[in-house]
Every structure is written in C-alpha cells, then in structure tokens.
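Here is a set of exercises to work through with the sequence and the 3D view side by side. Try each task yourself before you read its solution.

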There are 2 protein chains.
Amino acid sequence: MNTPPPSPPSSSTPPLSLSLSRLSINQETVKQLSLPELAEGCVKEGVTAVGLWRAPVQEYGVERTARLMRETGLAVTSLCRGGFLTGIEEAPRARALDDNRAAIDEAAALGTDTLVLVSGGLPPGSRDLAGARERVADALALLGPYAEERGVRLAVEPLHPMFAADRCVVSTLGQALDLAERFPAHQVGVVVDTYHVWWDDQAPAQIARAGRGGRLHAFQLADWITPLPAGVLLGRGQLGDGSIDFKALRAMVEAAGYDGPIEVEIFNEALWAREGAQVLRETARRFRTHA
Amino acid sequence: MNTPPPSPPSSSTPPLSLSLSRLSINQETVKQLSLPELAEGCVKEGVTAVGLWRAPVQEYGVERTARLMRETGLAVTSLCRGGFLTGIEEAPRARALDDNRAAIDEAAALGTDTLVLVSGGLPPGSRDLAGARERVADALALLGPYAEERGVRLAVEPLHPMFAADRCVVSTLGQALDLAERFPAHQVGVVVDTYHVWWDDQAPAQIARAGRGGRLHAFQLADWITPLPAGVLLGRGQLGDGSIDFKALRAMVEAAGYDGPIEVEIFNEALWAREGAQVLRETARRFRTHA
C-alpha cells in the first residue's frame, strides 16, 4: 500500500471519517473479482452498495445478478454504461440507440435508477465537436422517455477533456448540464466524477447548478495521479494517492443537496494485479479517511 | 508522411492556402536541428520567423544566437519559457523569480517581445489548485514591471487540464485571462495554443475577450492525436494528423484582431527521429494547407 502524501488542512466541514453507509464500490475497481466474490467481499467489509458494468453482468446473467444482489442485500447504485451516441451514419446510430435501450432495460432489471452515459468521441475524420454534441442531444430526446417509462434516469458523465477526441465530446460539467437541461430532470441528469472535474474552476458553480435543477444523479471518486499511462484510460488512482481534495468536492455536492451513494470507480492495472478482496478492504479504508 | 484524415467543410472564411509569411517554426518542433541548421532550413523553405527555447539558446550562446538571427534575417517571435511559479517555500520561490528575470533578459537580448510562461503544477503533497494560482499572480506582480522595462510581455499559457497537477495549474484560457487582467496588458497577456484549448466550448468567447483586452500575445499550433503516449507531454501531432479544426480557430483569433505570427510547436518523438530539414519542409507544407 502506498503511503498517501500529506494532506493540507481542508476548508470543508464534513467529518474526518466517513460512514461506509455512503460507499458504493464500482465493480470495475475490483474487476478481478467475480460477481459472487464481489458480493461476498462487500458483505464482509460492511459495504452495502455496488455500481455495476454491463459486460460482466451480461456474462453472469442479468436476472441472476439481480437475484444475487437481492440475496446479499446489496443496492445497485448505477449501471455503467450507455452512450457512444456521436455517430453520423444511420445504421450505426440505430444500433447505438438499440443498445442504449437494452442498457436501460438492464438497469431496470437490476433495480438501479441510474444509467451512466459516456457520450462518445469524434467520428473518424471529423473535427466537429459542436456537431457531435448535438447528435448526443438528438439521442437523449429519443432515449429519455424510454428510460422514464422504466424508472431509469440517464446520467450524462462529462469526461476529462483529454478524452474529447476518442471517448467523450462532453468535457465539462457545464457542457453536460447544457445538454441535460434540454430535458426533464427525471429523464436526464449528470454524473460528477472527481477525476474528470477536479481541475475545473467552474466546477463549484456547476455542481450548485446541478443541485438546484435536481440533476445531480451520481457522484464518483477516483484520484488524479501522474505520470499518466499510455492511452491514459487506466490512470485513475486510489483515493489519497493523488492531487484531488475529495472532502472539498464532497462538501460541494452535499451543499448542492446530494446525500446519495458515493461510488469509488478506479481503473488501474496495479490495483487489478493485486488480490481483489485486499483492494476492496483498502478502498473502504481509504474512503473513510479521504472521502 | 501520414495521409491526413478527410477534413469536413469548414464554416470559417480564411483563404485555403495560408502565406508562409505568417509561419514561425518553434525550435522544439525540429529540435534535432542545431541553431545554424534551423536558420539555414528556414531560409531555404522561405520561413521568416522562429520561436526559441532557452536551453538550446543558452548552449549556443544568447548573444551568438541573436547575431545568427540578425544575419539570417529571422525574426524571433517568442522565447519559451519562463514560469514554474507555484512553489510555496521562500528559497525556491526566490530562485524561480531570479530565473524568470534571466529569461526576460534573454528574451530582450534575442529581440523578441514575448516570453511564454508555463505556470507550474501543484507543489508535492498539495491539493490546493486555487492557492497555487494565487502564487502565480503574486509572481506576475513582481515580474511584470521588470519585463516592461525591457520591452518584454509575459504571455501566460493555459495548458490542457491533463497537465494541471504536474505542470500548469492554469488550465483554461478563461483562467489565464483572469490572471492576466489583474495587470496592464503590455505587461501580461496570454498564449492561445490550439492543442491546449481546442476541446473548450468557452474558448471562442475567451479568445474574443483576449482580443478586446489587447492580451492575445501569441498563437501556437499543434494537432491533437490519439492514443496519447505515456506521460502525455510528447503527444502533440503534426498539423492535419488529428482532430483540430485550425482554420476555425485561426478565424477566431483573427476576428479578435490578431494578425501576428503563427507558431507551429510540436513535441513528438516520431518527428524528432526523422531528418530535421524534411520535417521542417513538411511542417511548412502542412501549415499552408491546414492552418
């Protein structure tokens, strides 16, 4: 276990040690664990909620996963992920919409009200970010009512600007809210993920805006560590290992009215190479002291 | 040479082929060339201006470089770089300020009126971005008058948010202008670098703001290509190889009143591994068609 760097005094007010009742472990953080192992580990550590990913859930079976969650008393706080809605041509767009409807159905079957959406990057050869963002809006108009009928909210996740070309043209919380606010709040909201927004001096005002509009649908944590690995996707760090002041960001989302689950979502080869139950335990401990 | 991806029709109005009289080659783009080789290559290709870096200039000699530039008729459009002003402790801060005064002297000796500043990242163990930005402002208050006396303008460069922790806590053009506007425009302005701002939907408004205030001191180009390499610093792409609509961004800076040099600044191991004169020629050709 790395020794976390010394933390400067925080100007925020939350208690120093956070109750595990707020913690949700995102499945990808400990993806070396099977779903039964994840459930067992959570019960053992006193963790009461998880965020799930479509691929491992489909592999284990959607209904079977839902039953496992019920039997072990675990809440499902979100399903990752729908999205990838920036394509231009008709056939791929229709396939993407169908896939998102399936994701909404899966979220409903798992008993979560939140489907996380990663919007998608620029289509090959395109340099038109604004056009790509409009196509995301077009898709939300079609998917929002479908999700509402199934009791699911679409949560648009702004990804760090370093993903703008190849993964997500929605780069800031402000942009995500500009999109979401075209639709009813019970259909479309946003995700605040510390890793993606920590650098942004507009984030405090945009978190408040999300709260006022009832659109703060999920709050996720990962730390920012450097150097970034090639491809940058797997650079998310364990809580406390990096540059992010989690207590300050949590104070902002709580001041904005958010009292829901806090998901820890880390993609990191070094964590995946370790024993999963140990990583789960470490994550719960880090959550209590750093989040 | 890579084939550039097809470019969508641009909504901007500049002519299709840009005059080389606007081009400045940043020395780092072809850092395999010595200063005399760089000068010779520029003269041969019809390039009339260069942006220089402190380390190779110091190695060759500041006065000797100034003489070489005069003799070959090359204008020096900027010197890279001062900055790294986020330190907390007194002794390192004093050293950083001294080093920046030396950089200002070198800029004056080279006959350029623009010193590019990279602000610096978070000090080790710190998570206080706002505090680090304030320390940059404190340093600008000391350095601005010193620069003015020597006919040099400080150009604060916002770096892409992926550099916020370890290189530059100033991540957007808006933040850079918030800093610069505390000082007279002839002391402190900003750099617009396409690589750092292309993703930002606030960039058009901020470019206009920079122009209105007379603070648009430099305009630099590099393309955004993926996947990013480990460490991400050397991921800048040759013009036309990536996702950036240069003509649209040039139209914005020109509408904001900027008619100065356009520096191509690329850090890329693959370009550095090639014959420098060939890269210089390719860069000039790409500039004419893509910029």
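**Exercise 1. Two helices that cross**

In which hand, left or right, does α4(B) pass α5(B)?

Solution. Keep in mind that you are looking at a predicted model.

Step 1: find the two helices. Helix α5 of chain B covers residues 129–149, and helix α4 of chain B covers residues 90–110.

Step 2: look at their axes. The axes of α4(B) and α5(B) come within 10 Å and cross at roughly 35°.

Step 3: read the hand. The crossing of α4(B) with α5(B) is right-handed.

Step 4: list the residues that touch. From α4(B) come R93(B), L97(B), N100(B), R101(B), I104(B) and D105(B). From α5(B) come R135(B), D138(B), A139(B), L142(B), L143(B), Y146(B) and A147(B).

Step 5: sort them. The contact of α4(B) with α5(B) has seven nonpolar residues, one polar residue and five charged ones.

**Exercise 2. The barrel of chain B**

Work out the order of the strands in the barrel of chain B, then place two helices on the sheet.

Solution. Step 1: trace the strands. Eight of them close into a barrel, in the order β1-β2-β3-β4-β5-β6-β7-β10 of chain B, with parallel pairing. From one strand to the next, the twist averages 30°.

Step 2: zoom in on one pair. In chain B, β6 (residues 188–193) and β7 (residues 216–221) are joined in the parallel sense by four bridges. Within this part of the sheet, V191(B) sits opposite A218(B) in β7(B).

Step 3: add the helices. Helix α4 of chain B packs on the sheet and touches β2, β3, β4 and β5 of chain B. The direction of α4(B) makes about 175° with that of β3(B). Helix α6 (residues 173–180) of chain B also packs on the sheet, where it touches β5 and β6 of chain B. Its direction makes about 170° with that of β6(B).

**Exercise 3. The barrel of chain A**

Which strand does β3 of chain A join through four bridges?

Solution. Step 1: set the scene. Chain A has a barrel of eight strands with parallel pairing, in the order β1-β2-β3-β4-β5-β6-β7-β10. Its neighbouring strands are turned by 30° against each other on average, direction ignored.

Step 2: find the partner. Strand β3 (residues 75–83) of chain A is joined to β4 (residues 114–118) of chain A, and the two run parallel. Here L79(A) stands opposite L115(A) in β4(A).

**Exercise 4. Where the chains meet**

How many salt bridges does the rule find across the interface of chain B and chain A?

Solution. Step 1: describe the interface. Each side is counted: 34 residues from chain B and 34 residues from chain A. The area buried between the chains is about 2800 Å², and carbon and sulfur atoms give 59% of this area.

Step 2: count. Across this interface there are zero salt bridges, whereas the search of the whole structure finds 32 over all chains.

Step 3: look at an example. R236(A) and D193(A) form a salt bridge through their side chains, at 2.8 Å from N to O. The pair links distant parts of the chain, since R236(A) is in strand β9 and D193(A) is in strand β6, 43 residues apart.

**Exercise 5. Backbone exceptions**

Find two cis peptide bonds and a residue with positive phi.

Solution. Step 1: recall the background. Most peptide bonds are trans, and most residues other than glycine have a negative phi.

Step 2: check the bonds. The T226(A) to P227(A) bond is cis, with omega near 0°. In chain B, T226(B) and P227(B) are joined by a cis bond with omega about -5°. P227(A) is in the loop between β8 and β9 of chain A, and P227(B) is in the loop between β8 and β9 of chain B.

Step 3: check phi. F84(A) is not a glycine, yet its phi is positive, about 55°. You will find F84(A) in the loop between β3 and α4 of chain A.

Terms used. Residues are numbered from 1 along each chain as its sequence is written. Chains are lettered from A and ligands numbered from 1 in the order in which they are written. This is a predicted model: local features need pLDDT of at least 70, side-chain atom pairs count only at pLDDT 80 or more; totals for chains, interfaces and linings use all residues. Side-chain values use heavy atoms; hydrogens and water are left out. Two strands pair if DSSP finds at least two bridges between them. Axes are lines fitted to C-alpha atoms, for helices over the stretch in contact, and angles run from 0 to 180 degrees between N-to-C directions. Contact means heavy atoms within 4.5 Å. A crossing is left-handed if the near helix is turned anticlockwise from the far one by less than a right angle, and right-handed if clockwise. Ala, Val, Leu, Ile, Met, Phe, Trp, Tyr, Cys and Pro count as nonpolar, Asp, Glu, Lys and Arg as charged, and the others, Gly among them, as polar. Buried area is the accessible area (1.4 Å probe) that two parts lose on being put together, summed over both. A salt bridge is a side-chain nitrogen of Lys or Arg within 4 Å of a carboxyl oxygen of Asp or Glu.
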